[in-house]
Amino acid sequence: FNTSAPFLAQRKMAETEIMKAEDLGSDSGDFGNDYPGYSWKLTVQDASFDAPENVTDHLKQLDLTVFWGEDELYSYTLRQYRFSPAQ
């Protein structure tokens with residue numbers, strides 16, 4: 001788990017990097033037959049923290065959690081911020 005979960009989280013996060021900002025949304029799923037017992041959950045929300053004004057208007061916080069085990073006993077979370085300048 002300590003090796004597979006970070007790898008799977010990075011892989012799934014890389015998939016979000018090629019998506020348009022307006023297409024990003026919370027989602028969940030699994031990794032298929034290649035990684036049985038592993039699942040993931042992505043939460044996308046507006047970033048909120050003290051920062052220069054107008055910057056947070058273009059920031060999204062992405063939290064991706066990879067779970068494994070009975071009743072999702074083990075979990076690994078990866079957080080990323082995505083900046084999308086105004087069009």
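This report describes the fold, the nonpolar core, the aromatic pairs and the salt bridges of a predicted protein model.

## Overall architecture

The secondary structure of the protein consists of 1 helix and 4 strands. Followed along the sequence, these elements give the pattern α-β-β-β-β. Helix 1 covers residues 4–17, strand 2 covers residues 38–46, strand 3 covers residues 59–68, and strand 4 covers residues 74–83.

Of the 87 residues in the protein, 29% are buried. The protein exposes about 6,100 Å², and 46% of this area is supplied by carbon and sulfur atoms. Among contacts between residues at least 6 apart in sequence, 47% join residues at least 24 apart.

## The nonpolar core

The largest nonpolar core contains 14 residues. Within this core, the residues with the most contacts are Phe31, Leu42, Leu62, Leu64 and Val66. Helix 1, strand 2 and strand 3 each contribute at least two residues to the core.

Valine 66 illustrates how such a residue is surrounded. When residues up to four places away in sequence are left out, valine 66 touches Phe1, Ala5, Leu8, Ala9, Phe31, Tyr38, Ser39, Trp40, Tyr74, Ser75 and Tyr76. One of these partners, Phe31, is also listed among the core residues with the most contacts.

## Aromatic pairs

The structure holds 6 aromatic pairs. One of them joins phenylalanine 1 and tyrosine 74, with ring centres 5.5 Å apart and an angle of 35° between the planes. The pair counts as tilted, because this class takes the angles that are neither under 30 degrees nor over 60. Phenylalanine 1 belongs to the segment before helix 1, whereas tyrosine 74 belongs to strand 4, so the pair ties together parts that are 73 residues apart in sequence.

Both residues of this pair are partly exposed: phenylalanine 1 has a relative accessible area of 26%, and tyrosine 74 has one of 40%. Phenylalanine 1 and tyrosine 74 also belong to one aromatic cluster, which is formed by Phe1, Phe7, Tyr35, Tyr38, Trp68 and Tyr74. Phe1, Tyr38 and Tyr74 are, in addition, among the residues that valine 66 touches.

## Salt bridges

The count of salt bridges comes to 3. One of them lies within helix 1, where the side chains of glutamate 15 and lysine 12 meet at 3.0 Å, N to O. These two residues are 3 residues apart in the helix, and therefore about one helical turn separates them. Glutamate 15 is partly exposed, at a relative accessible area of 37%, whereas lysine 12 counts as buried at 15%.

Another salt bridge joins aspartate 46 and lysine 60, whose closest N and O atoms are 2.5 Å apart. Aspartate 46 lies in strand 2 and lysine 60 in strand 3, so this pair ties together parts that are 14 residues apart in sequence. Lysine 60 is partly exposed, with a relative accessibility of 30%. A further salt bridge is formed by the side chains of aspartate 63 and arginine 79, at 2.6 Å, N to O. Aspartate 63 is in strand 3 and arginine 79 in strand 4, so parts that are 16 residues apart in sequence are tied together by this pair. Aspartate 63 is buried, with a relative accessible area of 12%.

Terms used:
Residues numbered from 1 in each chain as written. Predicted model: local features only at pLDDT ≥ 70, side-chain atom pairs only at ≥ 80, totals over all residues. Heavy atoms only, no water. Phe/Tyr/Trp six-rings, centres within 6.5 Å; stacked < 30°, edge-to-face > 60°. Buried < 20%, exposed > 50% of the residue type's maximum accessible area, 1.4 Å probe, protein only. Contact = heavy atoms within 4.5 Å. Areas by Shrake-Rupley, 256 points an atom, 1.4 Å probe, with all protein chains shown as cover. Salt bridge = Lys/Arg side-chain N within 4 Å of Asp/Glu carboxyl O. Core = buried A, V, L, I, M, F, W, Y, C linked by side-chain atoms within 4.5 Å.
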